[in-house]
Amino acid sequence: MAKKKSAPPEPPEPPRRGLLARALRWVWYWFWRGAVLATGLMLTSIAIYAFVNPPITMTILGEWWRLGQTHRKWVPIEDINPVMARSVVAAEDANFCLHWGFDVPAIRAAIAEGGTRGGSTISQQVTKNVFLWQGRSWPRKAFEAAITPMVELVWTKRRVLEVYLNVAEFDTGVFGVHAAAEGYFNTTPDKLTARQAALLAAVLPDPKRRDAANPSAFVSRRAEAIADGAETIKADGRTACWE
């Protein structure tokens, strides 16, 4: 009986293909390890900053590097005149107490207007200012969208607002309401008047070009509208989540 011929051995994998496969597996492995580590560090930071004041942000660090100095002094929300918090919310996010991090109607309105107006909530701005970098890139927006709900879940609304008031830029190299009150009006946050608070809130969208101490006609009109809005949200209960 004739013996069956054994199949010829398969040719060995070309070395280049084998090296490429191993390299891809190595990249994939370390990519996921890095992603898991970054997620863990982010969650840890969010939990810590619910109680510990952020010592620095990428924006403040960048301005310090650019200017050689920055001005900021942390102040608890208890030591800030409530009208300042109301003015900021009226100016930047009137529905702050009503959403979970994203104001969907405001976002739709911003898209409808072709991106000429901002739709970011205070929660989104805090996420960007504390954990991310400035700019309008899609990667930054994607990270912001992922992190904001976690911040809202772990922090109270009062904490979100407190951090915002202490990291927002009010002038070139001037961060936080304490430095802004001192620099613009030679006063402290607890002694800000309703007009001064509204003027500070009015410069937030463009702090490098707007001046609260010497407001343009536009900034002055904007401050008047903000002051009215601050009274409105106080009257209709949209300050209940932090006051």
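Let's start where two helices meet in this predicted model. Helix H3 (residues 82-92) and helix H10 (residues 217-235) have axes that come within 8 Å and cross at roughly 105 degrees. Angles of 65 to 115 degrees count as roughly perpendicular, so that is how H3 sits relative to H10. Who does the touching? On the H3 side you'll find Arg86, Ser87, Val89, Ala90 and Ala91, and H10 answers with Arg222, Ile226, Gly229, Ala230, Ile233 and Lys234. Sort the residues of this contact by type and you get six nonpolar, two polar and three charged.

Both helices also feed into something bigger: the largest nonpolar core, which has 55 residues. H3 and H10 each give two or more residues to this core, as do H1 (15-49), H5 (122-131), H6 (138-154), H7 (157-167), H8 (177-185) and H9 (194-203). Inside the core, the residues with the most contacts are Met84, Ile122, Phe131, Trp155, Phe170 and Leu200. Take Phe131 and skip its neighbours within four places in sequence: Phe131 is in contact with Met42, Ser45, Ile46, Tyr49, Val126, Ile147, Val151 and Trp155.

Now follow the chain past those first two helices. The structure holds one disulfide, and this bond joins Cys97 to Cys241, with 1.9 Å from S to S. Cys97 lies in the loop between H3 and helix H4 (104-112), while Cys241 lies in the segment after H10. The two cysteines are 144 residues apart, so to speak, distant parts of the chain linked together. The link is left-handed, with -75 degrees about the S-S bond. Is Cys241 buried or exposed? Something in between: Cys241 is partly exposed, because its relative accessible area is 27%.

Note on methods
Residues are numbered from 1 along each chain as its sequence is written. This is a predicted model: local features need pLDDT of at least 70, side-chain atom pairs count only at pLDDT 80 or more; totals for chains, interfaces and linings use all residues. Side-chain values use heavy atoms; hydrogens and water are left out. Axes are lines fitted to C-alpha atoms, for helices over the stretch in contact, and angles run from 0 to 180 degrees between N-to-C directions. Helices (H or I, at least four residues) and strands (E, at least two) are DSSP runs, numbered from the N terminus. Angles under 35 degrees count as roughly parallel, over 145 as roughly antiparallel, 65 to 115 as roughly perpendicular and the rest as oblique. Contact means heavy atoms within 4.5 Å. Ala, Val, Leu, Ile, Met, Phe, Trp, Tyr, Cys and Pro count as nonpolar, Asp, Glu, Lys and Arg as charged, and the others, Gly among them, as polar. A nonpolar core is a set of buried Ala, Val, Leu, Ile, Met, Phe, Trp, Tyr and Cys residues joined through side-chain atoms within 4.5 Å. Buried means under 20% relative accessible area, exposed over 50%, partly exposed in between (1.4 Å probe, protein chains only). A disulfide is a pair of cysteine sulfur atoms within 2.5 Å.
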